[in-house]
Amino acid sequence: MKQSEFLNVVMPFKDKLFRLAKRLLVSTEEAEDATQEILLKLWSKNDRMKGYANVEAFAMTMTKNFCLDRLKSKQASNLKLVHSNYTDSNASLQRQVEAQDSVNWVEKIMESLPEQQKMALQLRDVEQYSFEEIGKLLEMTPAAVRVALSRARKTVRQKLMEKHNYGIA
């Protein structure tokens with residue numbers, strides 16, 4: 001595969017790779033490094049790229065595995081799971097503070113979820129993947145993805161309700 005073909009195939013989903021890495025790794029720098037590493041690995045496999053039915057799914061799986069390995073490594077002791085891509089420049093300061101508080105609560109709640117539920121929620125609700133694609137990435141059946149997603153959403157909803165209804169009789 002030539003460089004131009006590689007760019008046409010891989011670059012359209014480069015941002016998705018970054019968002020997944022950002023979801024799994026705490027810092028933007030770590031996510032950028034992970035994305036760059038995955039792109040280099042894909043380039044090194046470019047001669048076999050045409051053999052893959054879905055290059056994007058392959059790259060997302062590579063990114064997920066790379067980031068999870070990174071989190072398990074010794075040098076990852078200061079990394080944690082975080083997601084913060086919400087900004088609204090038109091909102092008032094109070095609304096911005098409230099929105100950031102809500103995002104922080106959802107992040108905290110998501111950190112407490114089991115890994116499969118966390119990944120299912122990220123891939124479905126943030127990245128907009130289909131149940132079948134998520135199943136392939138997480139090595140689950142689409143039905144199991146639906147169950148994990150349902151449980152994750154239910155947990156997030158319950159914990160947010162507890163937070164907002166705290167002290168209300």
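## Helix packing and salt bridges in an all-helical predicted model

Among contacts in the protein chain between residues at least 6 apart in sequence, 66% join residues at least 24 apart. The structure discussed here is a predicted model. The protein chain contains eight helices and zero strands, and from the N terminus on its elements run α-α-α-α-α-α-α-α. Of its 169 residues, 37% count as buried.

### The nonpolar core

The largest nonpolar core holds 39 residues, and V10, L17, L42, M60, L121, L123 and L138 touch the most other members. At least two residues of this core come from each of α1 (3-10), α2, α3, α4, α5, α6, α7 and α8. The core also draws at least three residues from each of domain 1 (1-81) and domain 2 (99-168).

L17 is found in helix α2. Is L17 buried or exposed? With a relative accessible area of 0%, against a limit of under 20% for a buried residue, L17 is buried. Leaving aside neighbours within four places in sequence, L17 is in contact with T35, I38, L39, A59, M60 and T63. The C-alpha atoms of L17 and K64 are separated by 8.8 Å, although these residues are 47 residues apart along the chain.

F13 belongs to the loop between α1 and α2. This residue is buried as well, F13 having a relative accessible area of 5%. Beyond its neighbours within four places in sequence, F13 is in contact with V55, E56 and A59. For F13 and A59, which are 46 residues apart along the chain, the C-alpha separation is 8.9 Å. A59 thus appears in the contact lists of both L17 and F13.

### Helix α6 and its surroundings

Helix α6 comprises residues 115-126. It has 12 residues and reaches 16 Å from its first C-alpha to its last, close to the 16 Å expected at 1.5 Å a residue. Just after α6, Q128 takes a positive phi of about 65 degrees.

Which residues of α6 are buried? They are Q117, K118, M119, A120, L121, Q122 and L123. What covers them includes α2 (14-24), α4, α5 (93-112), α7 (131-138) and α8.

Two of these buried residues illustrate the surroundings of the helix. L121, not counting residues up to four places away in sequence, touches M110, L113, V126, L149, A152, R153 and V156. Q122 also lies in helix α6 and is buried, with a relative accessible area of 1%. The side chain of Q122 makes a polar contact with the side chain of R23 at 3.1 Å.

### Salt bridges

Side chains of opposite charge can pair when their charged atoms come close. The count comes to five salt bridges, and the table lists three pairs, including two that involve residues of α6.

| Salt bridge | Closest N to O distance |
|---|---|
| R70 and E30 | 2.9 Å |
| E115 and K118 | 3.8 Å |
| R153 and D125 | 2.5 Å |

What is the distance between the closest N and O atoms of R70 and E30? They are 2.9 Å apart in this salt bridge. R70 lies in helix α4 (residues 55-72) and E30 in helix α3 (residues 28-44), so the pair ties together parts that are 40 residues apart in sequence. Both R70 and E30 are buried.

The side chains of E115 and K118 meet in a salt bridge with an N to O distance of 3.8 Å, a value inside the 4 Å cut-off. Both residues lie in helix α6, three residues apart, about one turn of the helix. An α-helix has 3.6 residues a turn, so residues three or four places apart point the same way. E115 counts as partly exposed because its relative accessibility is 33%, whereas K118 counts as buried because its relative accessibility is 6%.

In the third pair, the closest N and O atoms of R153 and D125 are 2.5 Å apart. R153 lies in helix α8 (residues 142-164) and D125 in helix α6, so this pair ties together parts that are 28 residues apart in sequence. R153 is partly exposed, with a relative accessible area of 33%, and D125 counts as partly exposed at 34% relative accessibility. R153 is also one of the residues that L121 touches.

Definitions and conventions
Residues numbered from 1 in each chain as written. Predicted model: local features only at pLDDT ≥ 70, side-chain atom pairs only at ≥ 80, totals over all residues. Heavy atoms only, no water. Helix = DSSP H or I, 4+ residues; strand = E, 2+ residues; numbered from the N terminus. Buried < 20%, exposed > 50% of the residue type's maximum accessible area, 1.4 Å probe, protein only. Expected span 1.5 Å × (residues − 1). Contact = heavy atoms within 4.5 Å. Polar contact = N/O pair within 3.5 Å; in protein donor to acceptor, adjacent residues only side chain to side chain. Core = buried A, V, L, I, M, F, W, Y, C linked by side-chain atoms within 4.5 Å. Domains from an automatic or database assignment.
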